[in-house]
Amino acid sequence: MELRFEGDELTSVLNRLRRAQGQISGVVRMIEEGRDCEDVVTQLAAASRALDRAGFAIIATGLQQVLADGQDGADSGTAEQMRARLEKLFLSLA
């Protein structure tokens, strides 16, 4: 399944991933500095949420594309298989 990201979708996903990347770098730095456990876990939770949101945005884009392709006359069996795969991906993040 190949995703096609356009404009705002691409920007949004990339921004979320960059945010998570920065937060993870911050967690590493905090651990190296011996920072408070609560602060480290709070930052780690924020990074996890950013990754989850990026994953959900990717899945939502995939679902939109599958539904659009299905309306354009794509094979309903193929569309159903793609929906099932995307549902499995969604549940892996839930």
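**Figure 1. Exposed surface of the predicted model.** The protein exposes about 6600 Å², and carbon and sulfur atoms supply 53% of that area. Of its 94 residues, 21% count as buried.

**Figure 2. Helices along the chain.** The protein contains three helices and zero strands. Read along the sequence, these elements give the pattern α-α-α. Among contacts in the protein with a separation of 6 or more, 69% are accounted for by residues 24 or more positions apart.

**Figure 3. Close-up of helix H1, residues 7-32.** Helix H1 has 26 residues and, at 1.5 Å a residue, should span 38 Å. The C-alpha atoms at its ends are 38 Å apart, so the modelled helix agrees with the expected span.

**Figure 4. Buried residues of H1.** Val13, Ala20, Gln23, Gly26, Val27 and Met30 are buried in this helix. An α-helix has 3.6 residues a turn, so residues three or four places apart point the same way.

**Figure 5. Gly34, just after H1.** The residue shown, Gly34, takes a positive phi of about 75°.

**Figure 6. Salt bridge between Glu33 and Arg35.** The closest N and O atoms of Glu33 and Arg35 are 3.9 Å apart, and the pair counts as a salt bridge because the cut-off is 4 Å between a side-chain nitrogen of Lys or Arg and a carboxyl oxygen of Asp or Glu. The count for the model comes to one salt bridge. Arg35 has a relative accessible area of 42%, which means that Arg35 is partly exposed, as this value lies between the limits of 20% and 50%.

Technical notes: Residues are numbered from 1 along each chain as its sequence is written. This is a predicted model: local features need pLDDT of at least 70, side-chain atom pairs count only at pLDDT 80 or more; totals for chains, interfaces and linings use all residues. Side-chain values use heavy atoms; hydrogens and water are left out. Buried means under 20% relative accessible area, exposed over 50%, partly exposed in between (1.4 Å probe, protein chains only). Helices (H or I, at least four residues) and strands (E, at least two) are DSSP runs, numbered from the N terminus. The expected span of a helix is 1.5 Å times one less than its number of residues. Contact means heavy atoms within 4.5 Å. Accessible areas come from the Shrake-Rupley method with a 1.4 Å probe; for residues, only the protein chains shown count as cover.
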